[in-house]
Amino acid sequence: MRSTFFGFNIARSGLFASQRALDITGHNISNANTPGYTRQRLNVTSSTPMTLPGGQGMIGSGVDTHSIQQLRDQFLDFKYRQENTSYGQWERRAESLQQIEAILNEPSDSGIRQVMDEFYVALEELSKGNNTDNLTVRAQVRERGIALTKTLNHMYNQLSDMQKNMNFAVRTTVDQINGYASQIATLNQQIFRFESDGSNANDLRDQRNLLVDKLSELVDIEVQESADGKFKVSINGIGLVSHFNHETLKVEERSTKKNYVDQNDLLEVKWENGSSFNCKSGKLKGILDIRDNMIGTTKGIPYYMDQLNRFTTVFAARFNMQHQQGYGLSGAGNGINFFNYPNTAFVDVTATVTGASDEEKITNYEKGNPGKTIFKDGSTWYATDIVASNLINISDEITNDLGNIAASLSNDGAGSGLPGDGSNADMLLKMRHDVEMFTWGSPDDFFKSLVSNLGVDSQEAIRMTDNQQVLLNQIDTNRQAISGVSLDEEMANMVKFQHSYNASARMITTIDEMLDKIINGMGVVGR
């Protein structure tokens, strides 16, 4: 026979279960806007029933609260982190390429092509027979030449500064990775300690999952949790976090440059023990590609610095070669350079270059002669050192004496050009449309092609970023549909558990009245 107070126990269990469910509902509502929070649910089961004698069956004994469960889909977590890694890489690449576009500033009214146009306009004025002796026109040619060299200097220096900034971004990103790894290891200790009795440290797990999500944007990671609760985060199979312990990444200065245009003291990422670190994707990969890549499909700052150097080297060399053929007003004869840069020596290498096309000839020559390039003047190939664009300026002869600008091809026999002869200036002007100066064509064609290639790369990065963002949002929406807090649903649960609590309380009141009748009302007749 059951105890007289058996009904109290049943109602009490319902009262406590409803109260606990209300507490969890309130916790969900309070954290509806908390980043990384996963909604929780109380799992309940019916208590072990009591067997009635005589085969009458079993009578229920109330409800037991079993556990507080997180509603989370691990597969969606895996997909989110996988796509978040790609998003971090493409977003960083898109931002960086847009910055390079701003540096080149083309097409615009103040970019390099506009400066070149103004330089050629000044040359055109000088080529006119009545202007060859005009010092004002000559001064304009010199000033436009100075403007051209300063623009090239400025563009190169901006690219150099950007590479330095990317180098600093490498350090800060590595610091972020180390910081997240340390925090995850600390949370692993806390979670393992609190769950040693079989409980679920749900809120601590939320904090850890949020850190793992943030870490996945920076670098490609693999996450594993064993059956005994040990949590591991790896990068390319090497453990970054191994339960309570974590490894550390470090940066150290390169001993040798990867590219000839690289700044000094660029940082290499390694594991703390000195082993090499291989980053396949993520924000860090995007930064390293932009900072380091001169070739390949993910070209970065060194590629554009190299192309700017090649333009400067070949353009200045060809211009100087033609300028040396002419005569100025000073009587100094010919052989004067218009532009000045460290190495003005040109070597005829026509007999040694090989290849079916001009581009192939240049590529073959540069493979065997690092730091040098070749260019064509007519049918003759010349070799010269590749010059950094921040080192070019106007030659001292032109700076100090306007009369040294060689506008004439003929001379008076005393080392001066003939009055009214602007034939050399005209030859210099015609170089503007020389489609054989570069493999991409004329000087204008060169910058059009460079800007076009940059635009294509930038648009690809923007498109991939947008696509990854859409995919990431879709996965996160699916994840939030399971893990996110719906205030409408929680309010409905609150009302449901409130009624359940009230009903259990009413049940206790009813049993109390029954017991009061038994205790105080029975057996009093005849007293």
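Is Arg254 buried or exposed? At 18% relative accessibility it counts as buried, because the cut-off for that class is under 20%. Keep in mind throughout that this is a predicted model. My notes follow.

1. **The Arg254 pair.** Arg254 makes a salt bridge with Asp262, and the closest N and O atoms there sit 3.7 Å apart. Asp262 is also in the buried class, at 3% relative accessibility. So if you are setting up charges, here is a pair with Arg254 at 18% and Asp262 at 3%.

2. **Salt bridges overall.** The structure holds 32 of them. As background, side chains of opposite charge can pair when their charged atoms come close. A few of the pairs are picked out below.

3. **Glu366 and Arg310.** In this salt bridge the closest N and O atoms are 2.2 Å apart. Glu366 belongs to helix H8 and Arg310 to helix H7, so the pair ties together parts that lie 56 residues apart in sequence. Both Glu366 and Arg310 are buried.

4. **Asp426 and Lys430.** Here the side chains meet in a salt bridge at 3.5 Å, N to O. Both residues are in helix H10 (residues 423-430), and they are four residues apart, about one turn of the helix. Asp426 has a relative accessible area of 27%, which makes it partly exposed.

5. **A shared network.** Some salt bridges have partners in common: Arg72, Asp77, Arg81, Asp206, Asp213, Asp476 and Arg479 are joined into one network this way.

6. **The largest pocket.** How much space lies in the largest pocket? About 890 Å³. Its lining is made by 36 residues, and those nearest the centre are Asp306, Gln307, Arg310, Ile362 and Glu366. Two of those names, Glu366 and Arg310, are the salt-bridge partners from point 3.

7. **Who lines the pocket.** The elements giving two or more residues to the lining of the largest pocket are helix H7 (301-323), helix H8 (358-368), strand E13 (372-377) and helix H11 (443-483). H8 gives the largest share, with six residues.

8. **Leu454 in H11.** Staying with H11, Leu454 lies in that helix. Leu454 is buried, with a relative accessible area of 1%. Setting aside residues up to four places away in sequence, Leu454 touches Leu97, Ile100, Glu101, Leu104 and Tyr304. For Ile100, the C-alpha separation from Leu454 is 8.2 Å, although the two are 354 residues apart along the chain.

9. **Helix H6.** Why does H6 (residues 283-292) count as largely enclosed by the rest of the structure? Because eight of its 10 residues are buried. The buried ones are Leu284, Gly286, Ile287, Leu288, Asp289, Ile290, Arg291 and Asp292. They pack against H2, helix H4 (135-194), helix H5 (202-218), strand E10 (267-271) and H7.

10. **Gln89, seen from H2.** Gln89 sits in helix H2 (residues 74-104). Its relative accessible area is 15%, so Gln89 is buried. Leaving aside neighbours within four places in sequence, Gln89 is in contact with Lys280, Ser281, Gly282, Lys283, Lys285, Gly286 and Asp289. Gly286 and Asp289 are among the buried residues of H6, and H2 is one of the elements those buried residues pack against.

11. **Val63 in E4.** Val63 lies in strand E4 (residues 63-70). With a relative accessible area of 22%, Val63 is partly exposed. Not counting residues up to four places away in sequence, Val63 touches Ser13, Gly14, Ala17, Val44, Thr45, Ser46 and Ser47. As for Gly286 of H6, its C-alpha atom is separated from that of Val63 by 55 Å, with their positions 223 residues apart along the chain.

12. **A nonpolar patch.** On the surface, Met491, Met494 and Val495 make a nonpolar patch of about 230 Å². Met494 is placed in helix H12 (residues 487-521). Met494 comes out at 31% relative accessibility, so it counts as partly exposed. That value is worth a second look, because patch members need over 30% relative accessible area and Met494 has 31%.

How values were computed:
Residues numbered from 1 in each chain as written. Predicted model: local features only at pLDDT ≥ 70, side-chain atom pairs only at ≥ 80, totals over all residues. Heavy atoms only, no water. Patch = residues over 30% accessible without salt bridge, like charges linked within 9 Å, V, L, I, M, F, W, Y side chains within 5 Å. Areas by Shrake-Rupley, 256 points an atom, 1.4 Å probe, with all protein chains shown as cover. Salt bridge = Lys/Arg side-chain N within 4 Å of Asp/Glu carboxyl O. Buried < 20%, exposed > 50% of the residue type's maximum accessible area, 1.4 Å probe, protein only. Contact = heavy atoms within 4.5 Å. 1 Å grid on protein atoms, 1.4 Å probe; cavity = no way out; pocket = protein on both sides within 12 Å on 5 of 7 lines; lining within 4 Å. Points joined across faces, edges and corners; volume = space filled by probe spheres on them.
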